[in-house]
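This briefing is a short reading of one chain, arranged by topic. Please keep the sequence and the model open beside the text while going through the points.

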Amino acid sequence: MSESMLLINHIRKTFGIGTINEKKAIRDLSLDVKRGDFISIIGSNGAGKSTLLNAVSGVFLTDAGTITLDGTDITEMPEHKRARSIGRLMQDPLKGTAPLMSIEENLFLASSEKGWLGSISKQNREEFRERLKLLGMGLEDRMKHPVGLLSGGQRQALTLLMATYHPPKLLLLDEHTAALDPATAEKVIELTKEIVSKNAITCLMITHNMQSALELGNRTIMMDKGDIIYDVEGEERKKVTVEDLLTRFREVTGKALDNDRMRL
Ligand SMILES: Nc1ncnc2c1ncn2[C@@H]1O[C@H](COP(=O)(O)OP(=O)(O)OP(=O)(O)O)[C@@H](O)[C@H]1O
Ligand SMILES: [Mg+2]
């Protein structure tokens, strides 16, 4: 038995309790994520996928249950403290970086353990250059440019580099390539694969792309109505096709798996 990195134990989250908009977004969900697991998460719109990642990163506290990260109970820990061990990327490329700051300033913030103290040294610049080169996007020659000038794909690649500059215990990806054109999305997926495997980062990735859900990582979970309805890993997962996923979803829920971004 390998060791747990993230242990989610019977969590619940209801939005708008007692109002006409009351919504049970997570219903009694448990998940044991092993160290080094790379899990893809799929499901229809409103299944609770983003809510699950938000609960883990601490955007809000859950109504019940516990969350343990690498042996530490983080159930009540505020978001900014969890951020020291949890990296995250969202769908919107504008969210992860400071647009008016330059590439090197953004990297300095990500690299510095003390926040914005001191100035960028020659040694810092050399290290940033090396790291940027790995992205293969030519950003190493644009270190003084404000990040706001970058394309969405360049910006997501930079955000990925920043989120993993000091490899986090856990990386949460919420459809981080969904806003990119297919070729750029493919490039960012490749970088994700490389960075996650090189640093053996434990990772949860939401995607609406069934094919990449099966190709990336070692385990896939399917969500519906705030719970996990299918969970497959290892050898068994290697035999699963996109068609199987769609069939499985229909069997369990009685409806077709439908996500508005699947057709984009
Ligand atoms: N902050 C919030 N306040 C109120 N309701 C919310 C909030 N966040 C999510 N919800 C509701 O909770 C349910 C789950 O939403 P969530 O965003 O987790 O779904 P999702 O699986 O990520 O869907 P999508 O594929 O569309 O991104 C939805 O009904 C949503 O409207
Ligand atoms: Mg979502």
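Directly after helix α1, glycine 58 adopts a positive phi of about 90°, a backbone value that, like every other value here, belongs to a predicted model. The helix that precedes glycine 58 covers residues 49-57, and the points below begin with that helix before turning to a loop residue, the two assigned domains and the chain as a whole.

**Helix α1 and the residue after it**
- Eight of the nine residues of α1 are buried, so this helix is largely enclosed by the rest of the structure.
- The buried set in α1 includes the aliphatic residues Leu52, Leu53, Ala55 and Val56, and Lys49, Thr51, Asn54 and Ser57 are also buried in this helix.
- The positive phi of about 90° falls on glycine 58, just after the end of α1.

**Serine 85 in its loop**
- Serine 85 sits in the loop that runs between α2 (79-82) and β6 (86-89).
- Why does serine 85 count as buried? Its relative accessible area is 18%, and the cut-off for buried is under 20%, so serine 85 falls within that class.
- Leaving aside residues up to four places away in sequence, serine 85 touches Leu69, Pro168, Lys169 and Leu170.

**Two assigned domains**
- The domain assignment divides the chain into domain 1, made of 1-85 + 168-264, and domain 2, made of 101-167.
- The contact between these domains takes 15 residues from domain 1 and 13 residues from domain 2.
- Taken over C-alpha atoms, the centres of domain 1 and domain 2 are separated by 27 Å.

**The chain as a whole**
- Nine helices and ten strands are assigned in the chain.
- For 264 residues a compact globule would have a radius of gyration near 18 Å, and the 19 Å of this chain agrees with that expectation.
- The C-alpha trace spans about 60 × 45 × 40 Å along its principal axes.
- Of the 264 residues, 47% count as buried.
- Among contacts between residues at least 6 apart in sequence, 67% join residues at least 24 apart.

**Surface and charge**
- The chain exposes about 13,100 Å², of which carbon and sulfur atoms supply 51%.
- There are 36 positive and 37 negative side chains in the chain, and the centres of these two sets lie 3 Å apart.

Terms used
Residues numbered from 1 in each chain as written. Chains lettered and ligands numbered in written order. Predicted model: local features only at pLDDT ≥ 70, side-chain atom pairs only at ≥ 80, totals over all residues. Heavy atoms only, no water. Helix = DSSP H or I, 4+ residues; strand = E, 2+ residues; numbered from the N terminus. Rg over C-alpha atoms; globule rule 2.2 N^0.38 Å. Buried < 20%, exposed > 50% of the residue type's maximum accessible area, 1.4 Å probe, protein only. Contact = heavy atoms within 4.5 Å. Areas by Shrake-Rupley, 256 points an atom, 1.4 Å probe, with all protein chains shown as cover. Lys, Arg positive; Asp, Glu negative; His and termini not counted. Charge placed at Lys NZ, Arg CZ, Asp CG, Glu CD. Domains from an automatic or database assignment.
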